[in-house]
Amino acid sequence: MIWNGRNDGADILAQRIFQKVSLESNYHAISPKDFVLHGFAVDEGVRRNNGRVGAKDAPDVIRKNMSNFPVTNPEFVLKDFGNVYCEDGDLEKSQNELAEKVGEVLAQNAKSIVLGGGHEVTFAHYSGIRKAFQDKKIGIINIDAHFDNREPENGLGSSGTGFWQIAQEREIHSLHIGIQRNSNTLKLFDTAHQFGMKYILADGLFFERLPYVYEQIDLLSEKVDVLYVTICMDVFNAAISPGVSALAYNGIFADSTFMHFYKHILKSQKLVAMDVAEVNPTFDIQERTARLAASLVNEWFNN
């Protein structure tokens, strides 16, 4: 009953997303160009990173907020394969499970969407992309206040270690947009430089600087074979995104400047995967954060 909305009749021009969703369990039912959805109902990584737990409850709330958006492409198909859970604290098992599923999706030339969950989804989603594109250069655009490049404590990954883990496996090709100086230590900036992680600070995201932002996005896109976008909802100001694991009182707004460069990313023919992370329904107000996350995913459907 999660996928529900206003029914304006059978006219194809009146359809909404909930009318175009099929619940699936058979990965052989996937066709090229399908959008394929998984929920990552996990926040063990947030707990390990001393964040506010609750993001594990977000995938279904985001689904609900996606349901009523109008369909603007008559050929749009969304296949929902349910949620991955972590009931026993074994984050690594959950990450491997998601990676296997994402690998199946991308091997069939479909597009992968994951609804988090904590930002530990990054390493899981990336691992699935790597399974499908083993010999390809994978570019990552991380829209986030944080680098998420901490070294794991006691060998255990968390919501803040994804890019450190990726860097241990192969060279990183990444661009981090919205980074906050007051959310990252000098060591994390130094680690970003050592790993070759490119970034644009949050205070550098204004309209007059859009040509530079476009340039950085294009430079990354040109040197990779496939592109993956991950959005941590704590990049946004607390006024529009209050329900997150780590509040950003001075975060960015989803204004015209943001939408300009965000839609530029979505136009890339190399884009194969997207996720939204760190929506925390426990602290959300009027489901603002979940609604914003749903809107960002919906933009890809309409591109």
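A search of the whole structure, which is a predicted model, finds 0 disulfides. The two cysteines worth a look here are cysteine 86 and cysteine 232. The sulfur of cysteine 86 has its closest cysteine sulfur in cysteine 232, at a distance of 18 Å, and this is too far for a bond. Seen from the other side, cysteine 232 takes part in no disulfide, with the sulfur of cysteine 86 as its nearest, 18 Å away. For a pair to count as a disulfide, the two sulfur atoms would have to lie within 2.5 Å. Cysteine 86 counts as buried, at 17% relative accessibility, and cysteine 232 is buried too, with a relative accessible area of 2%.

Helix H2, covering residues 58–66, offers a good entry into the packing of the model. Of its 9 residues, 7 are buried, so H2 is largely enclosed by the rest of the structure. The buried residues are Ala58, Pro59, Val61, Ile62, Arg63, Asn65 and Met66. Their cover includes four strands, namely S2 (35–41), S3 (78–85), S4 (111–116) and S9 (271–277), together with helix H9.

The packing of H2 against H9 can be followed in some detail. The axis of H2 comes within 8 Å of that of H9 (residues 288–301), and the two cross at roughly 60°. That angle makes H2 oblique to H9, and the crossing is right-handed. On the H2 side, the contact is made by Val61, Ile62, Asn65 and Met66, while H9 brings Ala290, Arg291, Ala293, Ala294, Val297 and Phe301. Sorted by class, the residues of this contact are 8 nonpolar, 1 polar and 1 charged.

H9 also meets helix H8. Here the axes come within 9 Å and cross at roughly 45°, which makes H8 oblique to H9. H8 passes H9 in a right-handed crossing. Phe258, Met259, Tyr262, Lys263 and Leu266 of H8 face Leu296, Val297, Glu299 and Trp300 of H9. The residues of this contact divide into 7 nonpolar, no polar and 2 charged. Val297 of H9 thus appears both in the contact with H2 and in the contact with H8.

Turning to the loops, serine 241 sits between strand S8 (226–232) and helix H8 (256–266). Serine 241 is buried, with a relative accessible area of 1%. Beyond its neighbours up to four places away in sequence, serine 241 touches Met233, Phe236, Leu247 and Thr289. Its C-alpha lies 9.1 Å from that of alanine 293, although the two are 52 residues apart in sequence. Alanine 293 is itself one of the H9 residues in contact with H2.

Alanine 55 belongs to the loop between helix H1 (44–48) and H2. At 0% relative accessibility, this alanine counts as buried. Leaving out residues up to four places away in sequence, alanine 55 touches Asp43, Gly116, Gly117, Gly118, Ser245, Glu278, Val279, Asn280 and Pro281. Alanine 41 is 14 residues from alanine 55 in sequence, with 7.3 Å between their C-alpha atoms.

Several of the residues that touch alanine 55 have backbone features of their own. The peptide bond from glycine 116 to glycine 117 is cis, with omega near 15°. Glycine 117 is placed in the loop between S4 and helix H4 (121–132). Glutamate 278, found in the loop between S9 and H9, has a positive phi of about 75° although it is not a glycine. At 5% relative accessibility, glutamate 278 counts as buried.

A positive phi also turns up at asparagine 109, again not a glycine, with a value of about 60°. Asparagine 109 is found in the loop between helix H3 (91–107) and S4. Whereas glutamate 278 is buried, asparagine 109 is exposed, with a relative accessible area of 55%.

Finally, glutamine 216 lies in helix H7, which spans residues 210–223. This glutamine counts as buried at 16% relative accessibility. Apart from its neighbours within four places in sequence, glutamine 216 is in contact with Leu175 and Ile200.

Note on methods:
Residues numbered from 1 in each chain as written. Predicted model: local features only at pLDDT ≥ 70, side-chain atom pairs only at ≥ 80, totals over all residues. Heavy atoms only, no water. Axes fitted to C-alpha atoms, helices over the stretch in contact; angles between N-to-C directions. Parallel < 35°, antiparallel > 145°, perpendicular 65-115°, else oblique. Left-handed = near helix turned anticlockwise from the far one by under 90°. Contact = heavy atoms within 4.5 Å. Nonpolar A, V, L, I, M, F, W, Y, C, P; charged D, E, K, R; others polar. Buried < 20%, exposed > 50% of the residue type's maximum accessible area, 1.4 Å probe, protein only.
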